[in-house]
Amino acid sequence: MNEVFPAKRVAFSSALLLSLACVCPTAASAQQTETPTPAADTLAAPVEQAVKRAQTAKRSSPWLLVPLVSNSPKLGTSFGVMGAYLRTFDPDSRVSVFGINYQYTSTHSSIATAFGRASFGADHHRIVGLVAAGLIKNDYEDYLGSGQPLKTNDDLRTLAGRYLYRIKGDWFIGGQGAASNYQVLGESAQDDLILETLGVQGFKSAAVGAVALHDSRDNEDMPERGWYLSLNNLAYREALGGASSSDAYRADFRGFWRHGGGHVLAFRQYNWLTNNAPSAAQATVVLRGYKLGEYLAPYMSSFEAEERVSFNRRWGATLFGGVAGLYGQSETTSTGQDFYPMWGAGLHFVIKPDEQMLINFEFAQGIEGNRGWYLKFGYGW
């Protein structure tokens, strides 16, 4: 998943928030139905196929257990596991997922997450929710371009949710909210001095916002065709219990085209704009291979292209590349770098073909020593 939280708060749980908004599978659009044919011979094949699908569904376990592993020079190695329960509430709704996740890193960071994605009422209602808590230890070689190394111990508590209602066709409207208590402490007196000099502080925040979304993808986890557009905002306000008032706006567009023998070409263009946000809650580079929260600025825009190659029903590969730009920088957030390119490749294995769910192993390379490899649930986006 994801869109509902400032990036630094979800550095270790982003693998779970496959579009929290951004943040489940379906075999067909909720708007698609089959017209029955009165002839008995034409009904025979569909009935037989339906029986086979029912038998397959009975054999398929509703439980999902996925290992989560990642490595990068800045985060070290992270090990974790995700357990989830799958449920389809009605034939025209998408598969709902409810689960928990825990990860521990070689830098002695840990984070636990409980999450849910629900679709019901013939996919006219969609709900996404997340609760996260943990201790995150960051080790920056050059924090915000200051030339200073920095180690921090960050205490995280986050609650977020989103509700969407289908108004017509593939269009949804809804609302979202988020609350977080994020405390940033330097590991040494020198680290505290750097944090104070750069104006980076932990903060208590609470926000509400609106969402407009178009989603014509044939599947959320393994889309082969269709396009996705999410326009949303979060208004952080002291009146809601936060420590300060600021605004965040996001626009996320994704397109998918099936070609050849089941291959898919995908594009993503993402924008994250902030206004009056404290340093730690400004926009960050949202690309694989980069640590969320290390490079910050008031505005971020990125573009990615990805070729998803299918070898057979179970196995496939990804080839991807992209670039992100930070702009609108202030003196405290200037990194001396405007653009952050990235490229990478990976392999995926479909663990539940009927539900179209997969695990993905990828390597991503950025600049300035940024790189990482990841074993996670689902595609990067």
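1. Buried here means under 20% relative accessible area. Asp123 comes in at 1% relative accessibility, so it counts as buried. Keep in mind throughout that this is a predicted model.

2. Asp123 has a charged partner: Arg94 forms a salt bridge with it, and the closest N and O atoms are 3.6 Å apart. Arg94 sits in the loop between strand S2 (76–87) and strand S3 (96–105), while Asp123 is in the loop between strand S4 (110–120) and strand S5 (125–140), so the bridge ties together parts that are 29 residues apart in sequence. Arg94 is at 4% relative accessibility and therefore counts as buried as well.

3. Stepping back to the whole chain, there are two helices and 18 strands. Of the 381 residues, 51% are buried. The accessible surface is about 16500 Å², with 60% of that belonging to carbon and sulfur atoms.

4. How many salt bridges does the structure hold? The count is 22. Another one to look at pairs Glu362 with Arg288, with the closest N and O atoms 3.1 Å apart. Glu362 belongs to strand S17 (residues 357–365) and Arg288 to the loop between strand S12 (283–284) and strand S13 (296–297), so this pair ties together parts that are 74 residues apart in sequence. Both Glu362 and Arg288 are buried. Elsewhere, salt bridges with shared partners join Arg94, Asp123, Arg126, Arg166, Asp170, Asp215, Arg217 and Glu220 into one network.

5. For a pair with a more mixed setting, try Asp218 and Arg225, a salt bridge whose closest N and O atoms are 3.7 Å apart. Asp218 is buried, with a relative accessible area of 17%. Arg225 is partly exposed, with a relative accessible area of 44%.

6. Arg288 turns up again around Glu304. Glu304 lies in strand S14 (residues 299–310), and is it buried or exposed? At 2% relative accessibility, Glu304 counts as buried. Its side chain makes a polar contact with the side chain of Arg288 at 3.1 Å, and the Glu304 side chain also makes one with the side chain of Trp381 at 3.2 Å. Leaving out residues up to four places away in sequence, Glu304 touches a set of residues that includes Ala266, Phe267, Arg268, Val286, Leu287, Gly321, Gly322 and Met342.

7. Two residues from that neighbourhood also take part in charge-over-ring arrangements. Arg268 lies over the face of Tyr270, at 4.6 Å from the ring centre. Trp381 supplies the ring in the other case, where Arg308 lies over its face at 5.1 Å from the ring centre.

8. On to the aromatics: the count comes to 14 aromatic pairs. In one of them, the rings of Tyr290 and Tyr340 have centres 5.8 Å apart and planes at 90°, so the pair is edge-to-face; the cut-off for that label is over 60 degrees. Tyr290 is in the loop between S12 and S13, and Tyr340 is in strand S16 (residues 339–352), so the two rings tie together parts that are 50 residues apart in sequence. Both Tyr290 and Tyr340 are buried. Ring pairs also link Trp171, Trp227 and Phe253 into a cluster.

Terms used:
Residues numbered from 1 in each chain as written. Predicted model: local features only at pLDDT ≥ 70, side-chain atom pairs only at ≥ 80, totals over all residues. Heavy atoms only, no water. Buried < 20%, exposed > 50% of the residue type's maximum accessible area, 1.4 Å probe, protein only. Polar contact = N/O pair within 3.5 Å; in protein donor to acceptor, adjacent residues only side chain to side chain. Contact = heavy atoms within 4.5 Å. Helix = DSSP H or I, 4+ residues; strand = E, 2+ residues; numbered from the N terminus. Areas by Shrake-Rupley, 256 points an atom, 1.4 Å probe, with all protein chains shown as cover. Salt bridge = Lys/Arg side-chain N within 4 Å of Asp/Glu carboxyl O. Phe/Tyr/Trp six-rings, centres within 6.5 Å; stacked < 30°, edge-to-face > 60°. Lys NZ or Arg CZ within 6 Å of the ring centre and 35° of its normal.
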